[in-house]
Amino acid sequence: MSHGNMNLTLKVWKQKNKNEKGRFETYDAKGISPDMSFLEMFDVVNEQLISSGKEPIAFDHDCREGICGMCSMYINGRPHGPKQGVTTCQLHMRSFKDGDTIVVEPWRSAAFPVIKDLAVDRSSFDRIIAAGGFVSVNTGNAKDANNILINKDDADTAFNAAACIGCGACVAACKNASAMLFVSAKVSQLALLPQGQIEKKARVMNMVKQMDEEGFGNCTNTGACEAECPKSISLENIARMNREYLGANML
Amino acid sequence: MASSPKLNSKIPQGELETKWTKYRSTVHLVNPANKRSLEVIVVGSGLAGASAAATLAEMGYKVKVLCFQDSPRRAHSIAAQGGVNAAKNYQNDGDSIYRLFYDTIKGGDYRAREANVHRLAEVSGNIIDQCVAQGVPFAREYGGTLSNRSFGGTQVQRTFYAAGQTGQQLLLGAYSALQRQVGMGAVQLLARHEMMDVVNIDGKCRGIIARDLVSGKLERHFGHAVLLCTGGYGNVFYLSTNAMGSNVTAAWKAHKKGAFFGNPCYTQIHPTCIPVSGDHQSKLTLMSESLRNDGRIWVPKKKDDNRKAIDIPEEERDYYLERRYPAFGNLVPRDVASRAAKERCDAGYGVGSSKMAVYLDFAANTERYGKIQANKLGLHNPSKDEIIKLGKEVVKEKYGNLFDMYKQITGEDPYEVPMRIYPAVHYTMGGLWVDYNLMTTVPGLYALGEANFSDHGANRLGASALMQGLADGYFVIPYTIGDYLSEEIRTKSIPTDNDAFVKAEAEVQERINKLMNIKGSKSVDHFHKRLGKIMWDKCGMARNKEGLTQAISEIQALKAEFWKDVRVTGDANEFNPELEKAHRVADFIELGELMCKDALHRNESCGGHFREEYQTPDGEALRDDDNFAYVAAWEYKSDSNFELHKEELKYDNIKLAQRNYA
């Protein structure tokens with residue numbers, strides 16, 4: 001079944017499981033349409049592999065509209081590929097040329113072990129949120145929502161930080177595999193809002209402690225995370241987290 | 001008509017307005033010491049699952065949560081765009097609990113339960129309060145208060161939102177509450193786990209069989225109660241706005257173990273999605289209903305008009321929704337808007353290369369916003385260009401992420417040219433039949449959120465899915481589960497070497513072996529696409545007796561072929577997405593047959609169920625209240641054999657009427 005007229009060569013990381021060694025494998029992607037998403041191109045390749053009795057390439061994906069944060073491919077040396085501000089599922093083949101060779105790897109970080117091929121384990125992010133990424137308020141008893149007035153600028157800045165999709169591109173982009181952008185986005189969201197004030201010190205301390213325990217690297221202010229973030233989460237969040245952390249330690 | 005004796009809806013007696021508050025105050029309680037030894041399994045971690053799990057754990061129950069994704073934060077609630085309804089009346093536009101209740105019953109074309117919908121409207125305000133307390137960053141006005149916008153099927157502004165990412169922000173709120181309980185050890189989280197079957201012992205649900213999707217191992221989990229919060233089944237159509245992994249498996253397994261399936265044919269086709277671009281397409285992307293608030297929908301007045309949108313003068317445009325429904329205009333409910341788009345395209349007025357699209361145009365409102373903004377900024381006599389520039393900034397703030405997504409997918413800039421849109425499968429109103437407590441026909445087995453059938457009748461209004469998911473999880477199940485668990489305090493945890501668990505696991509293992517051993521010639525996706533085409537062509541936006549009858553035999557043939565010729569690659573004892581898909585598609589095929597049977601038996605049109613034989617002279621859905629004012633609850637008997645049970649729908653507070661949005 002032909003879809004379009006682009007022919008590409010893929011070099012894809014194949015790894016059976018966490019324990020075995022991986023290697024690059026070469027695949028032909030033929031008849032690709034520029035309107036396909038990058039993942040739809042993988043669907044075509046996998047369909048061809050299955051019909052010739054070979055094992056398809058395993059990769060994570062779900063919503064395919066750029067919001068769930070599940071897709072995670074390191075394409076030609078960049079998380080989510082060459083186009084800025086999009087996830088892999090929203091990257092379209094019109095960003096490539098006929099005849100291109102494309103190298104696809106999983107996220108690389110000690111804190112994100114490979115499960116199979118391009119799928120990695122990002123449960124470390126869940127544990128960081130469990131350490132403090134919340135407001136401790138049980139269901140029920142909340143007061144009327146409009147009793148909490150919030151300055152629009154603060155609400156908008158908090159929203160921009162909260163837009164993080166937890167995909168891990170920041171970690172994959174960082175030469176130190178630091179998770180500072182991810183952690184600081186949640187710390188910032190809650191630090192900017194009145195609801196987050198009561199626990200602000202404990203929150204930043206506990207989240208940073210968990211981040212360190214998970215084996216993420218340090219931040220050396222390179223800014224690759226911000227440049228590669230599909231949701232354009234700002235480096236200012238890291239600065240804000242550093243202030244919060246210092247403040248929490250001083251008192 | 002009397003309801004089937006097998007269906008006890010357990011709707012409390014008394015006045016509609018006080019049913020829930022009275023019931024809530026009299027339902028049996030479980031004391032804190034007993035809660036600690038009662039175990040609840042929650043399958044699914046979307047809005048319904050995460051909110052239920054967090055709240056039940058806060059109350060002291062022992063909770064286990066499963067999700068098939070790598071993290072609970074990825075559940076498909078995350079993709080909901082437009083907003084969440086609540087009867088707060090913050091805009092002072094005459095909103096009230098009664099009005100939200102009325103709009104929802106009417107929007108659902110009078111096929112939902114009054115008592116459930118009223119309860120939903122009652123707790124809607126609490127949802128907003130709870131989410132704000134958690135730090136959910138809703139959109140705000142300059143004065144610091146919460147902002148609202150309009151959605152379809154209503155004439156008030158009651159929709160709360162966070163740009164075009166409301167589902168994301170609400171889910172992350174519920175996810176944080178859930179992770180807080182995980183951190184405290186009150187919830188055990190099992191990510192990358194899929195429920196494969198439920199386990200019933202002596203007529204009660206006592207647990208599940210799950211598959212660890214990384215190791216491939218089967219696991220047995222005991223629970224005093226099991227909550228299915230597993231979403232809808234729109235992916236039966238292959239192409240839909242659902243996530244790739246969204247599936248019916250948990251609900252379908254429950255159905256085959258005794259849970260009746262309610263109104264399976266009620267499917268929502270959303271009017272504003274990005275049109276299909278080619279046969280490679282794996283999913284469809286929604287453009288939020290909130291855009292209809294600020295956009296105008298039109299097609300050319302002339303057939304096969306090949307001019308660019310911008311070259312078609314105002315008087316040659318047909319704003320067909322405004323023409324047909326002047327009172328609601330572009331904000332008619334989804335089923336009405338979808339059919340109207342299909343009608344224009346079928347008649348030859350469609351636009352774009354496929355001619356299967358209509359325009360959603362923001363030019364008029366961009367200009368209006370620009371003028372308002374110029375006034376706010378004190379600009380006198382601004383030029384048209386300045387106005388448009390200011391207007392675009394306002395539009396960007398409201399819908400920026402949606403416009404970016406549209407541009408990314410189509411390669412066209414919606415700030416400059418109108419969007420092309422077409423209806424697509426989006427939501428399923430049908431689901432597991434539940435009583436007022438949200439319990440299915442299997443004691444101890446519950447269904448919440450989109451997985452149940454209860455609140456939206458034959459058509460859901462926009463921004464009501466988020467409302468229902470969170471209502472069920474935060475504010476309904478925490479109370480109603482006491483009615484059952486208070487009777488279970490003497491039930492000790494059942495060891496999972498019990499025969500029922502062993503047998504259920506063996507059955508799952510046998511099915512896995514069968515799938516792996518077929519070694520046929522066609523991929524799982526191949527069958528899924530064929531099923532989707534049958535469903536879309538014959539059980540989609542318009543249905544008729546002949547097509548549905550054909551669809552049923554085609555699906556039966558497809559099922560036989562699937563079990564003979566599917567190829568599942570890899571190994572069962574490893575991470576194997578093909579095997580996961582094979583299980584899900586096998587269940588979709590069986591569900592597809594039931595959907596067609598339900599659509600065939602319902603000889604009327606209502607909401608999203610449009611039977612071509614039953615329409616008014618104007619082409620509107622023609623209900624038959626004398627014969628069909630009931631919930632169709634199907635009991636699984638054996639392969640392709642389902643028995644219909646009816647729950648009569650009584651309207652004591654609202655008069656049944658032909659829906660009128662004109």
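These legends walk through several close-ups of a predicted model with chains A and B.

**View 1. Chain B as a whole.**
Start with the overall picture: chain B holds 18 helices and 20 strands. Its C-alpha trace spans about 80 × 55 × 50 Å along the principal axes. How does the radius of gyration of chain B sit against that of a compact globule? For 662 residues a compact globule would come out near 26 Å, and chain B, at 24 Å, agrees with that. Of those 662 residues, 60% count as buried. Contacts also reach across the sequence: taking pairs at least 6 apart in chain B, 73% join residues at least 24 apart.

**View 2. The open parallel sheet of chain B.**
Here you're looking at 5 strands of chain B in the order β6-β2-β1-β10-β18, paired in parallel as an open sheet. Which strands stand at the edges? They are β6 (187–190) and β18 (445–447) of chain B; each has a single partner strand, so one side of each is left without a neighbour in the sheet. From one strand to the next, the twist averages 20°.
Zoom in on one edge and you find β2 (residues 62–66) of chain B pairing with β6(B) in the parallel sense over 4 bridges. Within that pairing, Val65(B) has Leu189(B) of β6(B) as its bridge partner.
A helix belongs in this view too: α7 (residues 249–256) of chain B lies across β1 (39–43), β10 (225–228) and β18 of chain B. Helix α7(B) runs at about 130° to β10(B).

**View 3. Strand β16 of chain B and its two partners.**
Strand β16 of chain B covers residues 419–428. Is β16(B) largely enclosed or exposed? 10 of its 10 residues are buried, so β16(B) is largely enclosed by the rest of the structure.
One partner is β12 (residues 267–273) of chain B, which pairs with β16(B) in the antiparallel sense over 5 bridges. Another is β15 (residues 358–361) of chain B, joined to β16(B) by 3 bridges and also running antiparallel. In the β15(B) pairing, look for Tyr359(B) opposite Arg420(B) of β16(B).

**View 4. Val425(B) up close.**
Stay in β16(B), where Val425(B) has its place. Why does Val425(B) count as buried? Because it has 28 C-beta neighbours inside 10 Å, and 20 are enough for a residue to be called buried.
Directly across from Val425(B) stands Ile269(B). Leaving out residues up to four places away in sequence, Val425(B) touches Gly234(B), Phe237(B), Ser240(B), Thr241(B), Thr267(B) and Ile269(B). Leu284(B) is worth finding as well: it is 141 residues from Val425(B) in sequence, yet the C-alpha atoms are 8.5 Å apart in space.

**View 5. Where the two domains of chain B meet.**
Chain B is divided into domain 1 (270–425) and domain 2 (497–629), with C-alpha centres 34 Å apart. The contact involves 6 residues of domain 1 of chain B and 5 residues of domain 2 of chain B. On the domain 1 side, helix α10 (residues 334–346) of chain B gives the most, with 5 residues. By class, that side has 1 nonpolar, 1 polar and 4 charged residues.

**View 6. Where the two domains of chain A meet.**
In chain A the assignment gives domain 1 (6–116) and domain 2 (123–250). Their C-alpha centres are separated by 29 Å. The contact takes 18 residues from domain 1 of chain A and 16 residues from domain 2 of chain A. The domain 1 side of this contact has 9 nonpolar, 7 polar and 2 charged residues.

**View 7. Chain B against chain A.**
Across this interface, 63 residues of chain B are in contact with 67 residues of chain A. Several helices of chain B give two or more residues to it, among them α3 (47–59), α5 (114–134) and α12 (384–410). Which element of chain B provides the largest share? That's α6(B), with 9 residues. The chain B side divides into 23 nonpolar, 26 polar and 14 charged residues.

**View 8. Helix α3 of chain A and its surroundings.**
Buried residues in α3 (residues 152–162) of chain A include Ala155(A), Ala158(A) and Phe159(A). The buried residues of α3(A) pack against α5 (180–191) and α8 (236–250) of chain A, together with α6 (166–183) of chain B.

Methods: Residues numbered from 1 in each chain as written. Chains lettered and ligands numbered in written order. Predicted model: local features only at pLDDT ≥ 70, side-chain atom pairs only at ≥ 80, totals over all residues. Rg over C-alpha atoms; globule rule 2.2 N^0.38 Å. Buried ≥ 20, exposed ≤ 12 C-beta atoms within 10 Å, placed from the backbone. Contact = placed C-beta atoms within 7 Å. Domains from an automatic or database assignment. Nonpolar A, V, L, I, M, F, W, Y, C, P; charged D, E, K, R; others polar. Pairing = 2+ DSSP bridges. Axes fitted to C-alpha atoms, helices over the stretch in contact; angles between N-to-C directions.
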